[in-house]
Amino acid sequence: MRILSKTLTAMAVGVVVLGLAAGSAFAFTADQQQALASISAKLANLKTMHGEFIQFGPTGEKSQGKFYIERPGRILFDYDPPSKLKVKSDGKSVLVRDASMKTDDLWPLSKTPLKFLLDDQLNLAKSNRVRGVQVESDLIQVVVVDDAQFGGGTLTLFFDPSTYELRQWTVRDAQGLDTTVALYNVETGRPLSPELFKINYSGVTNRARERSLGD
């Protein structure tokens, strides 16, 4: 659970904005409402997305890798060496695999922040999770609060004001620690192989059994 919580906080919660449910919203100006509406419209048409990421941890540690998203339900975060971490969802479950530790954590998608990323309901202007919006000439900044079972915290997301694409996010967890993730070389709309998101459930079960026998 510890690995799952930290990993989903750093990676998945940052894109919670891609699927926020409707609710009572804070009062925003016309410009802020327009920005939220434009971001929502952009994301509503997003079906596939892939590229690279750089992640900076609370103490300055750096990691990077590749990500793949296919909505609804599928995602893969694949960290580059020396990390041997992968986070994967097949639409039903989320698997966090740490090959260096030979551990697997498997949880229902509905219990993780990834459910927001892969949800089709998009209405930022009416979401009660959006607590702040700042519109500048070079960026749009959106502050979101997430209370998911794994990875809850405060999120600051940065969008390109001309394309409304997500470029970067910073997660502040319950302990006040910040993790920043920046996206680059991003491509959208290309078909992705189903094999990227496939979970071998029997293999996960076997690894869990082996760990319990070794304790």
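How much area does the protein expose, and what share of it do carbon and sulfur atoms supply? The protein exposes about 10,800 Å², and carbon and sulfur atoms supply 50% of that area.

**Figure 1. Overview of the predicted model.** The model shown is predicted. Its secondary structure comes to four helices and eleven strands. The protein has 215 residues, and 44% of them count as buried. Among contacts with a separation of 6 or more, 56% link residues 24 or more positions apart. The close-ups below go from the nonpolar core to the charged pairs, then to the β10–β11 hairpin and the backbone.

**Figure 2. The largest nonpolar core has 33 residues.** Leu36, Val142 and Leu183 touch the most other members of this core. Helix α2 gives the largest share, four residues. Nonpolar side chains tend to be buried together in soluble globular proteins. Leu36 is in contact with Phe28, Leu124, Ala125, Val130, Val133 and Val142, leaving aside neighbours within four places in sequence. One of these partners, Val142, is itself among the three core residues that touch the most other members.

**Figure 3. Helix α2 spans residues 30-44.** The helix has 15 residues. From first C-alpha to last, α2 reaches 21 Å. That is close to the 21 Å expected at 1.5 Å a residue. Which residues of α2 are buried? They are Gln32, Ala35, Leu36, Ser38, Ile39, Ser40 and Leu43. Lys42 also belongs to α2, but Lys42 is partly exposed, with a relative accessible area of 38%.

**Figure 4. A network of salt bridges links Lys42, Asp160, Glu165 and Arg167.** Arg167 meets Asp160 in a salt bridge, 3.9 Å from N to O. Arg167 also meets Glu165, here at 2.9 Å from N to O. Arg167 is partly exposed, with a relative accessible area of 33%. Glu165 is partly exposed too, at 26%. Lys42 brings helix α2 into the view. Lys42 and Glu165 are 123 residues apart along the chain, yet their C-alpha atoms are separated by 7.5 Å. Beyond four places in sequence, Lys42 touches Thr163, Tyr164 and Glu165.

**Figure 5. Asp104 and Arg97 form a salt bridge.** The closest N and O atoms of the pair are 2.7 Å apart. Is Asp104 buried or exposed? Asp104 counts as buried, because its relative accessibility is 5% and the cut-off for buried is under 20%. Arg97 is partly exposed, with a relative accessible area of 25%. In the whole protein, the count comes to six salt bridges.

**Figure 6. Strands β10 and β11 form a hairpin.** Strand β10 covers residues 166-172, and strand β11 covers residues 178-188. The two run antiparallel and are joined by five bridges. Arg172 stands opposite Asp178 in β11. Five residues lie between the strands. Gly176 sits in the turn and has a positive phi of about 80 degrees. In a regular strand, side chains alternate between the two faces of the sheet.

**Figure 7. Two peptide bonds that precede proline are cis.** Arg71 and Pro72 are joined by a cis bond with omega of about 5 degrees. Pro72 lies in the loop between β2 (62-70) and β3 (74-79). The bond from Pro81 to Pro82 is also cis, with omega near 10 degrees. Where is Pro82? Pro82 is in the loop between β3 and β4 (85-90).

**Figure 8. Lys102 and Asn185 have positive phi.** Most residues other than glycine have a negative phi, and most peptide bonds are trans. Phi of Lys102 is near 55 degrees. Lys102 is placed in the loop between β5 (93-98) and β6 (103-108). Lys102 is exposed, with a relative accessible area of 66%. Asn185 has a phi of about 50 degrees. Unlike the loop residue Lys102, Asn185 is found in a strand, β11. Asn185 is exposed, with a relative accessible area of 51%.

Terms used
Residues are numbered from 1 along each chain as its sequence is written. This is a predicted model: local features need pLDDT of at least 70, side-chain atom pairs count only at pLDDT 80 or more; totals for chains, interfaces and linings use all residues. Side-chain values use heavy atoms; hydrogens and water are left out. Two strands pair if DSSP finds at least two bridges between them. A salt bridge is a side-chain nitrogen of Lys or Arg within 4 Å of a carboxyl oxygen of Asp or Glu. Buried means under 20% relative accessible area, exposed over 50%, partly exposed in between (1.4 Å probe, protein chains only). Contact means heavy atoms within 4.5 Å. Accessible areas come from the Shrake-Rupley method with a 1.4 Å probe; for residues, only the protein chains shown count as cover. A nonpolar core is a set of buried Ala, Val, Leu, Ile, Met, Phe, Trp, Tyr and Cys residues joined through side-chain atoms within 4.5 Å. The expected span of a helix is 1.5 Å times one less than its number of residues.
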